[in-house]
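Hi,

Here is the structure I promised to pass on. Have a look at it first, and my notes follow underneath.

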Amino acid sequence: MLYEQKRKEGETMKQQLYSVVDSLKETLWDLSDQIHDHPEIGFQEYFAVGLLTDCLKKHGFSVETGIYGAPTSFRCVYQIGEGGPSIGLLCEYDALRGLGHGCAHHMQGPVAVGAAIALKEVLDASTPCKIVVYGCPDEEGAAAGGKLVMCENGGFRDIDVALISHGSANTQADRQSLARVKFNVDFSGPDGLEATSATEAMLLAFQAFEFMREHVKDDTRLHYCPIQESGQPGIVSNHAKATFEIRSRSNGRLDTMVDWVKDIVRAACMMTETTFTISKESKYYGKFPVEILHELFYANAEQADAHKIAPPRPRTGSTDFGNVMQVVPGIGIRLCIMEENYPIHS
């Protein structure tokens with residue numbers, strides 16, 4: 001009898017949540033449109049932060065900005081009753097450099113804001129909890145990765161679960177993501193008439209990086225790109241700069257490959273009598289599934305009659321949400337916003 005009573009109370013609460021979200025839809029659409037029309041790259045998202053925190057403040061949430069080492073981060077909190085679980089709703093709002101919002105990050109803030117306000121309106125002191133909305137800049141890694149920086153500086157330790165959404169061609173969850181390490185390399189040669197070319201060192205490293213491909217696991221991805229003009233034909237350059245990115249399903253295997261790439265860079269410099277320096281590594285850990293959260297997500301997606309529900313994706317790309325999942329259990333859900341075969345980041 002008690003179970004049946006609780007189940008009916010839960011169903012009633014969900015209907016109330018749907019009603020509150022419906023009442024907010026014009027506000028949430030406007031937030032999404034404004035963020036889309038004012039794209040900002042990582043750690044420069046001041047406009048988006050202002051919009052999202054102002055909306056939460058109007059609904060009674062306390063607001064902190066520029067926290068945990070990230071200038072465009074925020075944390076907004078609403079406490080219901082005494083004690084209870086601490087529910088973390090995370091959002092991203094950075095755009096793609098040179099493109100704008102091609103990854104649906106303009107929608108994530110409004111999704112988290114709408115969910116937080118709906119919870120706040122429906123729950124009372126008989127269901128105590130703390131609702132925490134975390135604003136997370138630079139997921140695309142234009143600088144370092146906002147959640148990575150926030151984790152390193154003590155973020156997310158005040159929540160019991162981390163929930164985040166993302167636009168997609170289906171409504172589904174992700175089981176895993178690829179761990180990723182990214183770093184820049186500065187190649188330098190001596191000045192003077194007989195200077196050796198830093199560009200040659202960079203190209204030798206790229207070529208060896210290509211030879212790695214047939215010796216790595218199938219789930220491995222290797223990327224590189226020159227990121228600074230290195231001179232003109234016929235002119236020896238004493239400086240070149242490149243970025244290297246390695247991905248793998250295994251965090252441990254990724255570390256081994258990073259050491260391998262550093263040996264490649266070292267060897268290329270030995271061959272050209274140049275030197276190198278490596279910037280601080282930016283590491284995104286891989287996500288892993290939390291089965292009970294997957295079960296709850298799919299049960300509620302069915303009840304909400306969500307569009308195009310699909311089985312969990314076995315693997316997705318790389319995200320700094322994997323770093324958060326090293327601190328607290330969580331789930332990243334995909335919400336259908338487009339047709340199949342439309343690539344994100346486009």
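E92 in β3 has C136 of β4 as its bridge partner. This is a predicted model, by the way, so please read everything below in that light. The two strands, β3 (residues 86–92) and β4 (residues 129–136), run parallel and are joined by seven bridges.

They belong to an open sheet of seven strands, ordered β1-β2-β4-β3-β5-β12-β6, with mixed pairing. At the edges are β1 (62–65) and β6 (172–173), each of which pairs on one side only.

Two helices lie across this sheet. Helix α2 (residues 46–58) covers β1, β2, β3 and β4, and runs at about 15 degrees to β2. Helix α7 (residues 291–303) lies across β5, β6 and β12, at about 25 degrees to β12.

Back to E92 for a moment: one of its contacts is H105. Which other residues does H105 touch, leaving aside its neighbours within four places in sequence? They are Y93, D94, E139, E140 and H166. H105 itself lies in helix α3 (residues 105–122), and it counts as buried because its relative accessibility is 0%, under the 20% cut-off.

Now the aromatics. There are 10 aromatic pairs in the structure. One of them is Y134 with F156, a tilted pair at 4.6 Å centre to centre and 50 degrees between the planes. It links distant parts of the chain, with Y134 in strand β4 and F156 in the loop between α4 and β5, 22 residues apart. Both Y134 and F156 are buried.

Another pair is F209 with Y224, this one edge-to-face: 5.7 Å centre to centre, with 70 degrees between the planes. F209 is in helix α5 (residues 198–212) and Y224 in strand β8 (residues 221–228), so the pair ties together parts 15 residues apart in sequence. Buried or exposed? F209 is buried, with a relative accessible area of 0%, while Y224 counts as partly exposed at 29%. F209 and Y224 also belong to one aromatic cluster with F183, F206 and F244.

Two other spots to click on:

- R180 has its charged end over the ring of Y284, 4.0 Å from the ring centre.
- T274 sits in the loop between α6 (251–272) and β10 (275–278). Its side chain makes a polar contact of 2.8 Å with that of T272, and T274 is buried, with a relative accessible area of 9%.

Cheers

Conventions:
Residues are numbered from 1 along each chain as its sequence is written. This is a predicted model: local features need pLDDT of at least 70, side-chain atom pairs count only at pLDDT 80 or more; totals for chains, interfaces and linings use all residues. Side-chain values use heavy atoms; hydrogens and water are left out. Helices (H or I, at least four residues) and strands (E, at least two) are DSSP runs, numbered from the N terminus. Buried means under 20% relative accessible area, exposed over 50%, partly exposed in between (1.4 Å probe, protein chains only). Contact means heavy atoms within 4.5 Å. Two strands pair if DSSP finds at least two bridges between them. Axes are lines fitted to C-alpha atoms, for helices over the stretch in contact, and angles run from 0 to 180 degrees between N-to-C directions. A polar contact is a pair of N or O atoms within 3.5 Å; within protein, one must be able to donate a hydrogen and the other to accept it, and residues adjacent in sequence count only if both atoms are side-chain atoms. Rings of Phe, Tyr and Trp (its six-membered ring) pair if their centres lie within 6.5 Å; planes under 30 degrees apart count as stacked, over 60 as edge-to-face and the rest as tilted. A charge sits over a ring if NZ of Lys or CZ of Arg is within 6 Å of the ring centre and within 35 degrees of the ring normal.
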